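This briefing covers one sheet, a helix packed on it, and one residue of that helix. The points are grouped by topic.

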Amino acid sequence: METNWRQAYLRALPGVDAVVSAVKKTMGTAYPHWLLVKISQKCIHKLRHRILQAAHASDLDGLELVPEAVAEQVEQELAGLVQPSLRRVINATGTVLHTNLGRARLAKAAIEAMQEAAGYCSLELDLASGHRGSRHVHVEKLLALLTGAEAACVVNNNAAAVLLALNTLAAGKKVIVSRGELVEIGGSFRIPEVMLASGAQLVEVGTTNKTRPRDYQQAIDEETALLLKVHTSNYRVVGFTESVEVAELVKISREANIPVMEDLGSGLFIDLSAFGLEKEPLVRESLAAGVDVLTLSGDKLLGGPQAGIIIGKRRFIEQIKKNQLLRALRPDKVTLAALEATLRIYLLGEPLKEIPVLAMLTMPLATLQRRAEALAKKIREHTQNLDVVVREDVSYVGGGAMPLTQLPTYVVALRPRQQSLAQWVEMLRLGEPSLVGRVQEGWLLLDPRTIAEAEEEEVVKCLI
Ligand SMILES: *Cc1c(COP(=O)(O)O)cnc(C)c1O
């Protein structure tokens, strides 16, 4: 009888009360009763589903249905709840702005400022007058001093900055963009789609590889509200290309009496080309060239928290601040605290030393070699189970910035002798803390560039 075995299994399923009692017997009252009931129901439901789905009795061989066995599954689920989902990861990939790992590692001063602000703080209270203040003042002066902008406003991220600026300055009107600059960043930020969401109408000009001044000039009409330049931060068109430089676009915009906005993406405050990095436009240069509104990310090359920074001419920034959408896109106190502390380093500190992103990007090759060799030596001292080799390789900027830049580095290449590489890499990833390196041609590469010196001991512990 085909169904008899199925009926027998279904009848053998324990009740919720029996499972909850079994859990309490081993775990005491560490968890609230309602949670035990909920998780027990879920586990029993999963077992019932498995029984109903089984095609043959043999599919269920070894299935244990006594309350104690089901209780073990409940306990495993509970253990999973106790461990945070957002966990610390040691980034050994060598990709400095690793979007999946949280982009920028924050400066020590920024982390301290976040902790200070976590309680009560002067977010919207003007301490001098005792009256209601604005959350935007905390970073505005710093941004103005650092970039030469007249005014500034900060939102949740750069995608929000672009959305808000376009909505304020061009909703219901036309925005002219070069076809060579219709970028997609990180799989979800696409200029044409953000434009649509903002209520502005996209007018594409030029071609993928060439756009000339007269393409903009011919497209301008009485409905045009804005000329937009987008920094193609994550790709390059090479070969026969032509684009209109910021200064030229500003000239066209002045003649037509239409503002120019630039989405700079990363937004660099300091020229890093002396350190072997691609020449990226500097925020100050774009503003000096006459751009009216400029947007950039807080957590890309700036090296701060996730934020979108809008800077430029006062009259446009004031309009943006009055937009109701800002209420939905505004940053929280912890973000503002971290951003303020990061900007203060640019103003008063030593950014190349104190801002981890900049320190990592400019780390001398000799330092990387010394650190890779020291790490390899320690690993060899602690385990015989790995092949350990130090060799030259490259690190990447990441975060959709400087796609062509390969920074020379030294890596520790590791290969387990008694285990498959994939299994071992998974074990490291699931470890505490999680260790993530770069898998390449049968080796796991650890790049000291993105490993903090304070993490080196931990890396060795993860590996042995
Ligand atoms: C990264 C980037 C964005 C999106 O910025 P987020 O801060 O990730 O929202 C938008 N435009 C450009 C040109 C970028 O490089």
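**Arg371 and its surroundings**

Leaving aside neighbours within four places in sequence, Arg371 contacts Met363, Pro448, Ile451, Ala452, Glu453 and Glu456. The model is predicted, and the values below are computed from it. Arg371 belongs to helix 17, and that helix packs on a sheet.

Burial and polar contact
- Arg371 counts as buried because its relative accessibility is 3%, and the cut-off for buried is under 20%.
- The side chain of Arg371 makes a polar contact of 2.7 Å with the side chain of Glu456.
- Glu456 is also one of the residues in the contact list of Arg371, along with Glu453.

The sheet
- An open sheet is formed by 5 strands in the order 2-12-13-16-15, with mixed pairing.
- Strand 2 (95-97) and strand 15 (438-440) are the edge strands, and each of them pairs on one side only.
- From one strand to the next, the twist averages 35°.

Strands 12 and 13, and the helix on the sheet
- Strand 12 (residues 386-398) pairs with strand 13 (residues 401-416) in the antiparallel sense, over 12 bridges.
- Within this pairing, Val389 has Ala413 of strand 13 as its bridge partner.
- Helix 17 (residues 365-382), the helix that holds Arg371, touches both strand 12 and strand 13 where it packs on the sheet.
- The direction of helix 17 makes about 20° with that of strand 13.

Conventions. Residues numbered from 1 in each chain as written. Predicted model: local features only at pLDDT ≥ 70, side-chain atom pairs only at ≥ 80, totals over all residues. Heavy atoms only, no water. Pairing = 2+ DSSP bridges. Helix = DSSP H or I, 4+ residues; strand = E, 2+ residues; numbered from the N terminus. Axes fitted to C-alpha atoms, helices over the stretch in contact; angles between N-to-C directions. Contact = heavy atoms within 4.5 Å. Buried < 20%, exposed > 50% of the residue type's maximum accessible area, 1.4 Å probe, protein only. Polar contact = N/O pair within 3.5 Å; in protein donor to acceptor, adjacent residues only side chain to side chain.
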